[in-house]
Amino acid sequence: MEREHIGVLVMSYGTPESMDHIEQYYTHIRRGHAPSVEQLAELTERYEAIVGGVFPLRQHTNDQVTTLEATLNQAHPDKRFSCYQGLKHASPYIEDGVEQMVKAGVSRGVGIVLAPHYSTMSVGAYIKRAQEKADELGLAMTFVESYHLHPKLVQALTERVRTSLLGFDGEPVRVLFSAHSLPEKIVEMGDPYPTQLLETSRAVAEAAGVADWQFAWQSAGRTSVPWLGPDILDVVQTIKQEESIRNVLVCPLGFVSDHLEVLYDLDIEAKEVAAELGMKLTRTASLNSDPLYMQTLSDAVYAKLSE
Ligand code: FEC
């Protein structure tokens, strides 16, 4: 009997294709409004600072998509899985990925985002775009909304926290779990994002035996509306000045890959703030294509198929 051909739309934030594409990318993030000359220069400088003109998120997303396809096919040989990339702000866009699945003649599609926590403004927006394109093309699709408490995800994060703590030679350390901030209005909307992030933080802290931890937001947008806080840079200052804490381990569990928000906002900006205060700040390694993370995605996709 022929194996059923399932299309998996793997959605990720996306990154510019080259330095020449930063303006186009930034304009897409700003819903069609081009950035000012200063804003563009500032973002270009941040990209230059992390990687000298290469965009690591693209490679990580490529690897995650290829590895997830292999993981799914190995775990479920009775079916044939093909993974397609769909990016939020760069090519191949989410709509392109859906189109590719239809062209390949898959019998149905499952969508998953390379971000474990659901918010209407993040994962919800990815899903909306994919669903609209799938409806237009007549493809049946279902979506994984979140997988923030999957035991293998918690295990992968726990291992990273434990490993990084060894670098502090037994000295007291405050663990700061972090994620991308969003406008405060999501709280009034009853959005599950803050609660899910706290649930993952608590699960990892318990599994790693960490009693001294707190949650902080990072990378808030440069807009006039209020964003969720406290911001991680303020937290670092406050805990040094008010609690005399000298050691900080950041675990950015709202992200899965090495990219600008981790490599610049934490590795350069937060480390600089900490160094000025005479503190030691390190961060846990990103998941990227960790086998436990790939199994988390594979399990979540497969569970969706049998719903
Ligand atoms: O490495 C890279 O090239 C891309 C890194 C990157 C990731 C990422 C993830 C998330 N974002 C989320 C929300 C927002 C909201 C705004 C916003 C703006 C930016 C800008 C850049 C950027 N984001 Fe991002 N985000 C990344 C990069 N993000 C660059 C524009 C300049 C700036 O503000 O720094 C505000 C947009 C608006 O005006 O409406 C909101 C969320 C995530 C985590 C979930 C996910 O991955 O989708 C939430 C990676």
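**The interface between two domains**

Student: Into which domains is this protein divided?

Tutor: The model is a predicted one, and its chain is divided into two parts, one of them assembled from separate stretches of sequence. Residues 4-147 together with 289-305 make up domain 1, while residues 151-283 form domain 2.

Student: How many residues does the contact take from domain 1 and from domain 2?

Tutor: The centres of domain 1 and domain 2, taken over C-alpha atoms, are separated by 24 Å. Counting residues with heavy atoms within 4.5 Å, the contact takes 25 residues from domain 1 and 29 residues from domain 2.

Student: Which three residues supply 28% of the area that domain 1 buries against domain 2?

Tutor: About 2,400 Å² is buried between domain 1 and domain 2, with 63% of that area given by carbon and sulfur atoms. On the domain 1 side, no other three residues supply more of the buried area than Arg46, His117 and Leu292.

Student: How many salt bridges does the rule find across the interface of domain 1 and domain 2?

Tutor: The side chains of Lys152 and Asp299 meet in a salt bridge, with 3.2 Å from N to O, and this distance lies within the 4 Å that the rule allows. Across the interface of domain 1 and domain 2, the number of salt bridges found is 3.

Student: Which helix gives the largest share of the side of domain 1 that touches domain 2?

Tutor: Helices H2 (37-51), H3 (56-75) and H12 (291-305) each supply at least two residues of that side. The largest share is 6 residues, and the helix that supplies them is H2.

Technical notes:
Residues are numbered from 1 along each chain as its sequence is written. This is a predicted model: local features need pLDDT of at least 70, side-chain atom pairs count only at pLDDT 80 or more; totals for chains, interfaces and linings use all residues. Side-chain values use heavy atoms; hydrogens and water are left out. Domain bounds come from an automatic or database domain assignment. Buried area is the accessible area (1.4 Å probe) that two parts lose on being put together, summed over both. Helices (H or I, at least four residues) and strands (E, at least two) are DSSP runs, numbered from the N terminus.
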